[in-house]
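User: I would like to learn how to read a protein structure step by step. Could you take me through one and explain each feature as we meet it?

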Amino acid sequence: MRPNWLRSSLRRLRLWSGSRVTMQSSFQLRRRLQRPPPSFSLGGWASISSLKVPWRKDPLLDGAIDRDKRWRLCSRVVREVLLEPGHTMPLRYLEKRRERLRLPIRISTFLARYPNLFDLYPAPVKPGQPHVPFVRPSSRLRSFLDLDASLRAQNEPLALAKLCKLLMISRHRALPAEKLLNAKRDFGLPDDFICSLVPRYPNLLRLVPASSDKCFLELVSWDNEYAKSVIERRAEEEAQLTGVRLRPNFDVRLPPGFYLKREMREWTRDWLELPYISPYASTSELRPASPELEKRTVGVLHEVLSLTLLKRMAVPIIGKFSDEFQLSNAFSNAFTRHPGIFYLSLKGGIKTAMLREAYDQGKLVDRDPLLDMKDRFEEMLDEGHRDYLEKQKSKREAMKRDLELMASKNAELHEDETAEI
């Protein structure tokens with residue numbers, strides 16, 4: 001008969017793991033759990049699952065997501081054309097993909113609003129067929145893409161560091177290549193990083209085939225310089241400036257007017273007093289559902305968001321890495337349980353986790369170097385949209401003049417008819 005504490009621990013462990021364990025690993029875990037309970041107790045610690053923090057909307061952070069809506073939409077359309085052979089495709093094909101691109105307007109309207117993105121030209125789909133409109137990148141867009149490639153080449157060490165860090169956080173120092181490809185734009189990785197970046201660093205990265213259609217990106221060697229989180233580096237920098245050795249910890253910034261209940265305030269205070277657990281450290285000694293494991297989970301989420309371009313990421317995409325990063329099935333609760341560290345936005349019907357410390361009054365202050373290209377792209381969109389508005393204004397003015405001229409002629413004709421009578 002298993003003791004109650006063992007049955008409870010096994011049950012929590014299954015919830016924490018998020019996946020079925022093998023018979024061998026299950027046996028090893030049971031043996032470890034059959035040891036007597038630790039001599040220390042949690043004292044006044046409340047159960048993590050019993051602590052509830054009400055979600056509260058933050059208009060400033062929601063506004064940051066809203067402001068990027070046009071950038072995300074236009075980027076999707078540009079990528080769709082660039083993925084085609086020769087970077088060109090028939091206009092009607094692009095129109096058929098409008099629903100998949102989540103484009104709320106017709107492609108012809110989109111091209112009119114942003115005329116400096118694409119050029120239209122006639123060409124046959126197949127030899128001998130009639131000519132139809134095709135789209136291709138404009139000279140303005142090609143210049144932008146060349147500059148973007150140059151900036152990415154300059155910042156290749158940063159992309160390499162991000163890849164290594166993600167692999168070092170993972171349980172087996174390896175991640176499915178498919179999952180990384182799905183999240184590559186969140187981290188600012190090149191679209192072809194598997195072919196362009198990985199082969200250039202065989203001393204750090206290796207692609208390992210697991211089956212005919214699945215492969216893993218594996219860390220070849222551990223680099224202690226990469227194994228420092230943003231929080232640890234910040235503590236080191238502050239120590240150098242002040243001469244006082246500071247303990248690494250989270251920067252808690254509750255939004256104005258946000259108050260925690262007394263029980264949660266006490267729990268948070270005691271939780272912050274726990275030693276910081278690096279996301280790159282081993283978790284073998286951490287007990288399931290313990291405050292220490294909660295601190296490690298928050299550390300992993302904080303570090304992952306810190307590696308993203310915009311210091312935010314869709315929760316479902318983070319969830320794809322839950323097994324590799326050893327996150328529980330309920331990991332997303334940490335975003336609402338720690339409102340001074342994270343913000344969970346519901347804009348667009350998608351849960352997006354944001355790093356609160358990276359924003360000031362809704363504006364991103366902790367900027368990735370690649371965001372310079374985002375700013376340039378938005379400037380290009382503004383430039384094209386201004387041209388569109390000027391043309392629309394000119395058309396309205398021309399139409400107004402035509403109507404006035406027509407009214408004047410009608411008035412003259414009416415006067416002539418009156419005079420004859």
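User: To begin with the whole chain, what percentage of the residues of the protein chain count as buried?

Analyst: Please keep in mind that this is a predicted model. Of the 421 residues of the protein chain, 42% count as buried. The surface that the chain exposes comes to about 24,800 Å², and carbon and sulfur atoms supply 53% of that area.

User: How many helices and strands does the secondary structure of the protein chain have?

Analyst: The secondary structure comes to 16 helices and 11 strands. It also helps to ask how far apart in the sequence the contacting residues are: among contacts in the protein chain with a separation of 6 or more, residues 24 or more positions apart account for 66%.

User: Now for the strands: in what order do the 3 strands of the open sheet stand?

Analyst: The order is β7-β9-β8, and the pairing in this open sheet is antiparallel. β7 (312–314) and β8 (342–345) are at the edges and have a single partner strand each, so one side of each is left without a neighbour in the sheet. From one strand to the next, the twist averages 20°. Looking at one pairing in detail, β7 is joined to strand β9 (residues 352–355) by 3 bridges, and M313 has A353 in β9 as its bridge partner.

User: Which strands are joined to β6 by bridges?

Analyst: Strand β4 (residues 174–176) is joined to strand β6 (residues 214–219) by 3 bridges, and these two strands run antiparallel. In this pairing, A174 has E218 in β6 as its bridge partner. Strand β5 (residues 205–211) also runs antiparallel to β6, and 6 bridges join the two. A hairpin of 2 residues leads from β5 to β6, and the bridge partner of S211 in β6 is K214.

User: Turning to side chains, how many aromatic pairs does the count come to?

Analyst: As a general idea, a pair of aromatic rings is described by the distance of the centres and the angle of the planes. Here the count comes to 10 aromatic pairs. One of them is formed by W55 and Y343, which are stacked, with 6.5 Å from centre to centre and 20° between the planes. This pair links distant parts of the chain, since W55 lies in the loop between α2 (23–33) and α3 (59–67) while Y343 lies in strand β8, 288 residues apart.

User: Are W55 and Y343 buried or exposed?

Analyst: The two residues have to be read separately. W55 is partly exposed, because its relative accessible area is 40% and the range between buried and exposed runs from 20% to 50%. Y343 is buried, because its relative accessible area of 2% falls under 20%. As a further case, F110 and Y114 form a tilted aromatic pair, at 5.4 Å centre to centre and with 55° between the planes, and both F110 and Y114 are buried.

User: Which residues do ring pairs link into a cluster?

Analyst: The cluster that ring pairs link together consists of F250, W267, W271 and Y276.

User: Where does the charged end of R136 sit?

Analyst: The charged end of R136 sits over the ring of Y121, at 4.1 Å from the centre of that ring. A further example of a charged residue over a ring is K374, which lies over the face of W71, 5.1 Å from the ring centre.

Technical notes:
Residues are numbered from 1 along each chain as its sequence is written. This is a predicted model: local features need pLDDT of at least 70, side-chain atom pairs count only at pLDDT 80 or more; totals for chains, interfaces and linings use all residues. Side-chain values use heavy atoms; hydrogens and water are left out. Two strands pair if DSSP finds at least two bridges between them. Helices (H or I, at least four residues) and strands (E, at least two) are DSSP runs, numbered from the N terminus. Axes are lines fitted to C-alpha atoms, for helices over the stretch in contact, and angles run from 0 to 180 degrees between N-to-C directions. Rings of Phe, Tyr and Trp (its six-membered ring) pair if their centres lie within 6.5 Å; planes under 30 degrees apart count as stacked, over 60 as edge-to-face and the rest as tilted. Buried means under 20% relative accessible area, exposed over 50%, partly exposed in between (1.4 Å probe, protein chains only). A charge sits over a ring if NZ of Lys or CZ of Arg is within 6 Å of the ring centre and within 35 degrees of the ring normal. Contact means heavy atoms within 4.5 Å. Accessible areas come from the Shrake-Rupley method with a 1.4 Å probe; for residues, only the protein chains shown count as cover.
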